[in-house]
Amino acid sequence: MNKHSFTPSRLKLARKRRGMTLVKLEQVSGISTRTLSDYENGREQLTTAALETLARALEMPVAFLTAEEIEEIPLEAVSFRAPSKLTAGQRDTALAAARMAIMVNEWMEERFRLPAPDVPSLPGRDPEWAAERVRALWNLGVAPIGNMVHLLEMHGVRVFSLAEECLEVDAFSFYWKGTPYVILNTRKSGERGRFDGAHELAHLVLHPQHEIPHGREAEQQAQQFASALLMPATAVLAKRLNNATVDRVLAAKSVWKVSAMALTYRLHELNLVTEWGYRALSTNLSRMGYRREEPGGIKRESSQLMTKVFAALRAEGVSHTQIADALHITAEEMNKHVFGLTPTPLRGGAQTTAPVSPSLRLVR
Ligand SMILES: [Zn+2]
């Protein structure tokens, strides 16, 4: 039989990306789990026919399975929230999706000079202090943050969207070869997306160790940092929100583009409302639907960096299908990681991506 060279690590990654166990892949491909396991461990060569069968079953181009070796992201390096609540399969799928995002980023980095990482490392510091420090280092003063994703990107954090197959996983972050990554869940409200971005920045700043602490304490620190970063104490105090009513909270939340609940929590943290007042506000907001959703909320933020990169490539005549080809993935797969910024062309070839701002500062 005709043997074909392939890359075991890629076969494993593709299977995890599809959220499949070996048993599931056996059902889809008709190849026994034992043989599949031998393939993944490099104990057995594939026939050309088996390679094609697997590519089809995994909905990946054959080229993906035969390209260079690929290293997985170690679980310990990732800031999964409540990792114990996730199944191993959910974690693997999210890690595999993040690995795809790294591929997209590395491809961009080979062609563009992207912002260098500029995230301070402040392990063990008080979260409120650390948030003020980051604001000072990034020259933000106490002004509201216009766009959290753009801010992260300007400081060298690569921000990608979490593919829809793994939305039960919250946002997460990690360092990969010195580059900080944040992967955002796009199913949440715009306000919560911003808070998630600030929360993941907290992990990068406060927990830059190789092994991220996953406990309740680390999560509380990240929440406190995010709260202080988005709503600086001085600015909130200046708004005179003492004993604020629901109406005042709803009016004021748009200043910092945060959820009504996040602002209420911050007011309590800064002792601007009493314990009783805090509970009353939370109950009322909850009744109005503000616990899970953000009625009348803002639009979700997206990547400025990738909008510019794709526009620059388009100007050079490089289509996103060509980029996907170079990465040995489908255009559809790529689009899931890049906030849907490279939609597969509509009939008639219409482009629907946002226009580029004239200041192409991020890309050269
Ligand atoms: Zn966290």
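Helices (DSSP runs of H or I, at least four residues) and strands (runs of E, at least two) are numbered from the N terminus. This is a predicted model, in which local features need pLDDT of at least 70 and side-chain atom pairs count only at pLDDT 80 or more, whereas totals for chains, interfaces and linings use all residues. Residues are numbered from 1 along each chain as its sequence is written.

**Figure 1. Overview of the protein chain, with its 17 helices and five strands.** The C-alpha atoms fill a box of roughly 80 × 45 × 40 Å along the principal axes. The radius of gyration, taken over C-alpha atoms, is 22 Å, which agrees with the value near 21 Å for a compact globule of 364 residues, the globule rule being 2.2 Å times the number of residues to the power 0.38. Buried residues (20 or more other C-beta atoms within 10 Å of their own, with C-beta atoms placed from the backbone; exposed means 12 or fewer, and partly exposed lies in between) make up 39% of the 364 residues. Of the contacts (C-beta atoms within 7 Å) with a separation of 6 or more, 72% join residues 24 or more positions apart.

**Figure 2. Surroundings of Phe225 in helix α10 (residues 216-230).** Phe225 counts as buried because 27 C-beta neighbours lie inside 10 Å. Leaving aside residues up to four places away in sequence, Phe225 touches Pro127, Ala130, Ala131, Ala202 and Leu206.

**Figure 3. The open sheet of three strands, in the order β3-β5-β4.** Pairing, which requires at least two DSSP bridges between two strands, is mixed in this sheet. The edge strands, β3 (158-161) and β4 (172-176), each pair on one side only, and neighbouring strands are turned by 25° against each other on average, direction ignored. Strands β4 and β5 (residues 179-184) run antiparallel and are joined by five bridges, and the bridge partner of Ser173 in β5 is Val182. Helix α9 (residues 190-206) packs on the sheet, where it touches β4 and β5, and its direction makes about 150° with that of β5. Helix α6 lies across β3, β4 and β5 and runs at about 125° to β5; such angles run from 0 to 180 degrees between N-to-C directions, with axes fitted to C-alpha atoms, for helices over the stretch in contact.

**Figure 4. Helix α15 (residues 304-315) and its packing partners.** The end C-alpha atoms of α15 are 16 Å apart, in agreement with the 16 Å expected for 12 residues, a span of 1.5 Å times one less than the number of residues. Its buried residues are Gln304, Leu305, Met306, Thr307, Lys308, Val309 and Phe310, and these pack against α6 (88-111), α8 (148-154) and α16 (320-326). Gly317, whose phi is positive, near 85°, follows α15.

**Figure 5. Crossing of helix α2 (residues 22-29) and helix α4 (residues 48-57).** The two axes come within 9 Å and cross at roughly 110°, so α2 and α4 are roughly perpendicular to each other (65 to 115 degrees). Leu25, Val28 and Ser29 of α2 make the contact with Thr53, Leu54 and Ala57 of α4.

**Figure 6. Two loop residues with positive phi, Arg240 and Asn271.** Most residues other than glycine have a negative phi. Arg240, however, has a positive phi of about 50° in the loop between α11 (233-238) and α12 (246-256), and is exposed, with 11 other C-beta atoms within 10 Å. Asn271, in the loop between α13 (260-269) and α14 (275-287), has a positive phi of about 60° and is exposed, with 10 other C-beta atoms within 10 Å.

Terms used
Two residues are in contact if their C-beta atoms, placed from the backbone, lie within 7 Å. Angles under 35 degrees count as roughly parallel, over 145 as roughly antiparallel, 65 to 115 as roughly perpendicular and the rest as oblique.
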